[in-house]
Protein chains: 2
Amino acid sequence: MTLQDAVHTHSDCSNCPIRHRAVCSRCDADELARLDNVKYYRSYEAGQPVIWAGDRMDFVASVVSGIATLTQTMEDGRTQMVGLLLPSDFVGRPGRDTAAYDVVATTDLTMCCFRKKPFEQLMAETPHIGQRLLEMTLDELDAAREWMLLLGRKTAREKIASLISIIARRGTSQKLSEVGGPIVFDLPLTREAMADYLGLTLETVSRQVSALKRDGIIVLEGKRRVTVPDFDRLVEETGDDSDGGMLV
Amino acid sequence: MTLQDAVHTHSDCSNCPIRHRAVCSRCDADELARLDNVKYYRSYEAGQPVIWAGDRMDFVASVVSGIATLTQTMEDGRTQMVGLLLPSDFVGRPGRDTAAYDVVATTDLTMCCFRKKPFEQLMAETPHIGQRLLEMTLDELDAAREWMLLLGRKTAREKIASLISIIARRGTSQKLSEVGGPIVFDLPLTREAMADYLGLTLETVSRQVSALKRDGIIVLEGKRRVTVPDFDRLVEETGDDSDGGMLV
DNA sequence: CACCGCGCTTGATTTCGATCAAAGTCTGAT
DNA sequence: ATCAGACTTTGATCGAAATCAAGCGCGGTG
């Protein structure tokens, strides 16, 4: 099996970037996994915690399906979401054995986990994995910096519009690239989780969602199902310049 | 010259982590540098721009001395700092040839630059460099997430206290680990730059600095020289729990 | 069916930080 | 020494979002 055998696929883990782009392309990793139980799947129900900040964390993982959040909490209870993990996102830090953030499943969630020690060994032996991980980490850092602009300088309305457009971009079934048509999807977050993402209160989130609805930027069916009739109009509300986040 | 020759040093670049920890340890990199002009130094005066977002960026670099900032600007002029580069910090992204942020020298600044193409080749050939870079990027991501908590949930006073404690920790001549004694240093940022860091206005920064002074948390000589008589008291004002940011 | 509990919305009021405005301080140049 | 200009402080007022407080809608359960 060669490095170029890109067509090679596995049944369970079609979203896992480590396995497919880095590990599986050499396949010896699969051997390792089978022999040593390095790799395993774990599922969580919506609302369940995956791990708490400070807990021992002896694995790294990649989200297969569902959504998880990373949050930080101050001792008086104020909380800020600092990561939103969608399918194919990676969590865990090689070289650290304690979780730095609370990780919670906000929808039903399946993760593809690798025991940390052997994974680190694998990384040392397989340059591809490290490179891929660096690339992903740099992407996350860029996302974090975009997020910092949102938290520090955007108005409540801009924050809401930004979040909806992010979810529409990343959380929808791939092909929304054919522009023009309306976009429909379910919000995977409660108002409270949205507030934690945006550095707002849930009341303000609710009010601003209502305002965007009133102004025809979005249409709501029930509380969660969103239709965006004109994506460009939504993007105008974000305050971003029009080529929004396309850093390339 | 062996990989283990850790004592080996070079005259110019004592802070550059790439050169010393990853490149220089093999020394062939130095050969490469000499032959091909891969590595060079560049100095900027306080206030000078290093590069603008969107510009072609054909190098990566490491800060040798001085301080630079990464900032993002919205088209209506609102700006948010998204990175503060202190000596030994790395800037630039392998695999991208356009700057994503404005980089500005806030003090006189010297950087150690590597032309990007050969640097990438070097990375491909030298696993150490990629690993070191991953480690540094993960650290930056953690710092960004800490910063997100600050932007999203802290009060103005907590923000100021946090920034001062960050600068005291990172920006002071190493050994402040001997706790207890007062800490003295110069703020390397104007009130406006502090405001851009914290997601505040410069007036609010000024007021809160005055308030911390009034309350004896800090002592000011002139506008910039700060004395922190009791570091623990400062940390109490940050809202962080006492082991502040010590992720290990 | 009625009752709960949870997530959400909406209204009234308060508050913290932004904005507008003016004056003070330091530095470096003429 | 004086002056210009950048940086900073302080005051007065305003406004966006937080806080406090009901009340709604809906799915699950006794």
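Trainee: Where is A:Ser88 found?

Mentor: This is a predicted model, and in it A:Ser88 sits in the loop of chain A between β5 (79-85) and β6 (90-91).

Trainee: What makes the phi of A:Ser88 worth a remark?

Mentor: A:Ser88 is not a glycine, and yet its phi is positive, about 90 degrees. Most residues other than glycine have a negative phi. B:Ser88 also has a positive phi of about 90 degrees without being a glycine, and B:Ser88 lies in the loop between β5 (79-85) and β6 (90-91) of chain B.

Trainee: Why does A:Ser88 count as it does at 24% relative accessibility?

Mentor: Set the value against the cut-offs: buried means under 20% and exposed means over 50%, with partly exposed in between. A:Ser88 has 24%, so A:Ser88 counts as partly exposed. The argument carries over to B:Ser88, whose relative accessible area of 23% makes it partly exposed too.

Trainee: How do you know what relation links chain B to chain A?

Mentor: Chain B is laid on chain A by a turn of 180 degrees with a shift of 0.0 Å along the axis, and the RMSD is 0.1 Å. A turn of that kind is the relation of a two-fold axis. Both copies also use the same surface, since 100% of the contact residues of chain B recur in chain A.

Trainee: Why can the length of α4 (residues 127-153) of chain A be said to agree with that of a helix?

Mentor: Its 27 residues should span 39 Å at 1.5 Å a residue, and the end C-alpha atoms are 39 Å apart, so the two values agree. Helix α5 (residues 156-170) of chain B can be checked in the same manner: its 15 residues reach 21 Å from the first C-alpha to the last, close to the 21 Å expected.

Trainee: What makes you say how far α5(B) is enclosed by the rest of the structure?

Mentor: The count does it: 11 of the 15 residues of α5(B) are buried, so the helix is largely enclosed. Among the buried ones are B:Ala156, B:Glu158, B:Lys159, B:Leu163 and B:Ala168.

Trainee: What do the buried residues of α5(B) pack against?

Mentor: Their partners in chain B are α4 (127-153), β9 (183-186), α6 (191-198), α7, β11 (225-228) and α8 (231-238). In chain A, α4(A) is likewise called largely enclosed, because 19 of its 27 residues are buried. For the chain as a whole, 52% of the 248 residues of chain A count as buried, and chain A has eight helices and 11 strands.

Trainee: Now the DNA. Which residues are the closest to DNA strand C?

Mentor: Of the 17 residues that surround DNA strand C, the closest are A:Arg191, A:Ser206, B:Ala156, B:Thr204 and B:Arg207. Sugar and phosphate account for 64% of the strand C atoms that come within 4 Å of the protein.

Trainee: How do you know that A:Arg207 makes a polar contact with DNA strand C?

Mentor: A polar contact needs a pair of N or O atoms within 3.5 Å. A polar side-chain atom of A:Arg207 lies 2.9 Å from a base nitrogen of strand C, so the pair meets that cut-off. B:Arg207 passes as well, with a side-chain N or O atom 2.8 Å from a base oxygen of strand C. On the phosphate side, a polar side-chain atom of A:Ser210 is 2.9 Å from a phosphate oxygen.

Trainee: What element gives the largest share of the surface near DNA strand C?

Mentor: That is α7(A), with five residues. By class, this surface has three nonpolar, seven polar and seven charged residues.

Trainee: Which side-chain atoms come up for DNA strand D, at 2.4 Å from a phosphate oxygen?

Mentor: A polar side-chain atom of A:Thr204 does. Within the 3.5 Å cut-off there is also B:Arg207, with a polar side-chain atom 2.9 Å from a base nitrogen of strand D. B:Arg224 has a side-chain N or O atom 3.2 Å from a phosphate oxygen of that strand. The elements giving two or more residues to the surface near strand D are α7 of chain A and α7 of chain B, and the largest share, five residues, is from α7(B).

Conventions:
Residues numbered from 1 in each chain as written. Chains lettered and ligands numbered in written order. Predicted model: local features only at pLDDT ≥ 70, side-chain atom pairs only at ≥ 80, totals over all residues. Heavy atoms only, no water. Near = heavy atom within 4 Å. Polar contact = N/O pair within 3.5 Å; in protein donor to acceptor, adjacent residues only side chain to side chain. Helix = DSSP H or I, 4+ residues; strand = E, 2+ residues; numbered from the N terminus. Nonpolar A, V, L, I, M, F, W, Y, C, P; charged D, E, K, R; others polar. Least-squares fit on C-alpha atoms with pLDDT ≥ 70 in both. Contact = heavy atoms within 4.5 Å. Expected span 1.5 Å × (residues − 1). Buried < 20%, exposed > 50% of the residue type's maximum accessible area, 1.4 Å probe, protein only.
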